[in-house]
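Visitor: I have not looked at this structure before, and I would like to learn how to read it one feature at a time. Could you take me through it slowly?

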Amino acid sequence: MASVSIRNVRKSYGPVEIIKGVSIDIQDGEFVILVGPSGCGKSTLLRMIAGLEEISGGTVAIDDRVVNDMPPKDRDIAMVFQNYALYPHMTIADNMSFALRLKNTAKSEITAKVERAAGILGLGPLLDRFPRQLSGGQRQRVAMGRAIVRDPKVFLFDEPLSNLDAKLRVQMRTEIKEMHQRLKTTTVYVTHDQIEAMTMADKIVVMHDGIIEQIGAPLDLYDHPANMFVAGFIGSPAMNFIPGSIGGDGFTTEDGSRLPLGGRVPAASDGRPAVYGVRPEHFRLADEGLAAEVVVVEPTGSETQMVLRPLGTKAGREDRKRELTWVLRERTGARPGEVVRIAPDPALAHLFNPDTGLRL
Amino acid sequence: MSILTSSDRVAGAASVGRTKRLRPSYWPFVVPALVVVVGVIVFPWVFTLWMSAMEWRIGEEQRFVGLQNYVRLATDVRFLEAMGHTLVYTALSVVAPLVLGTAAALAFNTKLPARGLLRGIFVMPMMATPVAIALVWTMMFHPQLGVLNYLLSLVGIGPLQWVYHPSTVILSLVLVETWQWTPLVMLIVLGGLASLPTEPYESAQIDGATAWQRFRYLTLPMIKPFLMVAVIIRSIDALKSFDILYTITQGGPGTASETINLYLYSVAFTYYDIGYGSAIAVVFFVLIILLSLVLLHLRQRSAWNSGDGK
């Protein structure tokens, strides 16, 4: 087990900078998830920790030892890839023991370690099979087994669940989390799925365009997003953003509706333009507040999701981003075309600077 | 190659036949193919078998002699020697192109500058006519006037007798065969290399495999099915090789490079002993079938990417 320290790391391909100076401290035994949209540099960062990509600037240290110029095999890490990267011509047992055999580990020790890993992951009956005879979930478990057998300082996961179907993904999520609780190995995990990040991580690193937007515990990010990107990325369905301005003791939307601020008016901000952020589940039916037309009602059984179009906006493509999402726990008889009035819970609302995106 | 897979096809056709009976009205469509197969493949073979049981010299009476031709073969020193030459020539003509072709494929699989152009040049020998190649090499092999001995003299070796001496003639012929057919192996293996997944290599890097270990434990086993294809094609080609041998040495000096094919040719078309020649052809055919079966069996065992891998 080990800590990982990433200091001002940069990566460029020719003139294009993919990662623009990133610093993360990962404690011993921590489960850290790098999350962000495609192309934000999260996988590249993971591959730099692994040693599969060269580091253009800054340092990566594992257990306080800078590993920038160390080949992957000397870093004492194990990696699980999105497409499993199993050795197709080897049995499951051979796949799992390959690293140990390369190190000339004693046969008895190899058998013991493979059996232990197979026991943890329930792979016992599959040891003599070949990867192509296994289902996606089983293959992913073998890939994890291969990592466990190594008993490394750090586990690296590169979108390990992306190739699995939705149901299996939920199951494997639990298994990975359980495995981490059992082995307590420092883990860095990359995903684009914010639900995976929220459910599994001790600490989430939100990345976007090669920079870190925010680092924090899952619920911290949810409750106190540092900027509009994090606010919009974390949480599903995404947070509603309503443009307008701060005035008096409240917020005035562009079409003149008043939204409450609950007395949390930032100083010297009268008339200042701002974006009002409210999560879909923080609206309630009200007598005053925003008047909006119901566009779509999507019942899921446990909750109902509604897409609303504020009155005064047109149905065109341009106004699509003005639409609001409302999630309510109870069922509703609302029909498309009806007009409802909803008000946000001021204590749970957020205000952002429309130019910088930063939280006010 | 059609011989090799015919059993699979027959099995496949039989299982279809059980479930879907062919109606009589479909049969006319099969007739043209049937006529061609019977006329070109089945009839010549049956006729060869029949001829091999006859004493049949051109211009003389034909006489049924049963297995006598085969008994004669077993004690024919020239035939047994030809068999030895054939096996040595085939083994070397498979192994040398296989090793060199694999090495070339590995080289062409890297990011070489001007890779396409070099690959094109490399493949050219394969496209040339064997007789033309044979004539060029005959000139190069010439002990006094040939370019090979000239080149060797520059580094102080030689002169060698090449195809003019019994001890070097087979090696020299293998050199020509290797020169012409290494590109084929290269193309087959290159295709195999291109089809390999890249992720296991990254994972092996993390697992601690050196470049040599990655080749030994990943690349080699994974391209084994392709190597086996190359071995099968090369074995059959080398076994029945005729044009290059006939053009360069006609089996000489003496009979030092006479293969079964060349011996068969002189028995049948120089001595006009058709019956005995047919017996040689039958033995040769059985030899090729046996070798093909062995190779096919090995190939199926080497295929990690198909079947259920028992």
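Visitor: Which way do Ile77(A), Met79(A), Ala78(A) and Val80(A) point from β6(A), and are they buried or exposed?

Guide: The general idea is that in a regular strand the side chains alternate between the two faces of the sheet. In this predicted model, Ile77(A) and Met79(A) point one way from β6(A), while Ala78(A) and Val80(A) point the other way, and all of them are buried.

Visitor: How many bridges join β6(A) to β7(A), and do the two run parallel or antiparallel?

Guide: Strands of a sheet pair through backbone hydrogen bonds, and the pairing can be either parallel or antiparallel. Here β6(A) and β7(A) run parallel and are joined by four bridges, and one residue you have already met, Val80(A), has Phe157(A) in β7(A) as its bridge partner.

Visitor: In what order do the strands of the sheet come, and which are the edge strands?

Guide: The sheet is open and consists of six strands of chain A, in the order β6-β7-β8-β3-β9-β10, with mixed pairing. Its edge strands are β6 and β10 (211–216) of chain A, each of which pairs on one side only. If direction is ignored, neighbouring strands of this sheet are turned by 15 degrees against each other on average.

Visitor: In which sense do β9 of chain A and β10(A) pair?

Guide: Strand β9 (residues 203–208) of chain A pairs with β10(A) in the antiparallel sense, over five bridges, and His208(A) stands opposite Ile211(A) in β10(A).

Visitor: Which strands does helix α4 of chain A lie across?

Guide: Helix α4, covering residues 136–150 of chain A, lies across β6 and β7 (154–158) of that chain, and its direction is at about 175 degrees to β6(A).

Visitor: How many residues of chain A are in contact with chain B, and which elements give two or more residues to that side?

Guide: The contact involves 20 residues of chain A and 18 residues of chain B. On the chain A side, the elements that give two or more residues are β6 (77–80) and α2 (92–102). The residues of that side divide into 15 nonpolar, three polar and two charged.

Visitor: How many residues are in the largest nonpolar core, and which of them have the most contacts inside it?

Guide: The largest nonpolar core has 141 residues, and those with the most contacts inside it are Ile33(A), Leu156(A), Val188(A), Leu173(B) and Ile280(B). Its largest share, twelve residues, comes from helix α8 (residues 169–194) of chain B. Leaving aside residues up to four places away in sequence, Ile280(B) touches Leu73(B), Phe79(B), Ile260(B), Tyr263(B), Leu264(B) and Val267(B).

Visitor: What are the helix and strand counts of chain A, and what share of its residues is buried?

Guide: Chain A has eight helices and 19 strands, and buried residues make up 37% of its 360 residues. Its C-alpha trace spans about 75 × 45 × 35 Å along the principal axes.

Visitor: Where does pLDDT stay under 50 in chain B?

Guide: Where pLDDT is low, the predicted coordinates should not be read in detail. That caution applies to residues 1–17 of chain B, where pLDDT stays under 50 and the model has five contacts beyond four places in sequence. Over the whole of chain B the mean pLDDT is 85, with 90% of residues reaching 70 or more, and chain A averages 88, with 96% of its residues scoring at least 70. Among the elements of chain A, strand β3 (residues 31–35) has the highest mean pLDDT, 95, and strand β13 (residues 258–260) the lowest, 83. The model scores ipTM 0.78 and pTM 0.77.

How values were computed: Residues are numbered from 1 along each chain as its sequence is written. Chains are lettered from A and ligands numbered from 1 in the order in which they are written. This is a predicted model: local features need pLDDT of at least 70, side-chain atom pairs count only at pLDDT 80 or more; totals for chains, interfaces and linings use all residues. pLDDT is the predictor's confidence in each residue, from 0 to 100. Two residues are in contact if their C-beta atoms, placed from the backbone, lie within 7 Å. A residue is buried if 20 or more other C-beta atoms lie within 10 Å of its own, exposed if 12 or fewer, and partly exposed in between; C-beta atoms are placed from the backbone. Ala, Val, Leu, Ile, Met, Phe, Trp, Tyr, Cys and Pro count as nonpolar, Asp, Glu, Lys and Arg as charged, and the others, Gly among them, as polar. Two strands pair if DSSP finds at least two bridges between them. Axes are lines fitted to C-alpha atoms, for helices over the stretch in contact, and angles run from 0 to 180 degrees between N-to-C directions. A nonpolar core is a set of buried Ala, Val, Leu, Ile, Met, Phe, Trp, Tyr and Cys residues joined through C-beta atoms within 7 Å.
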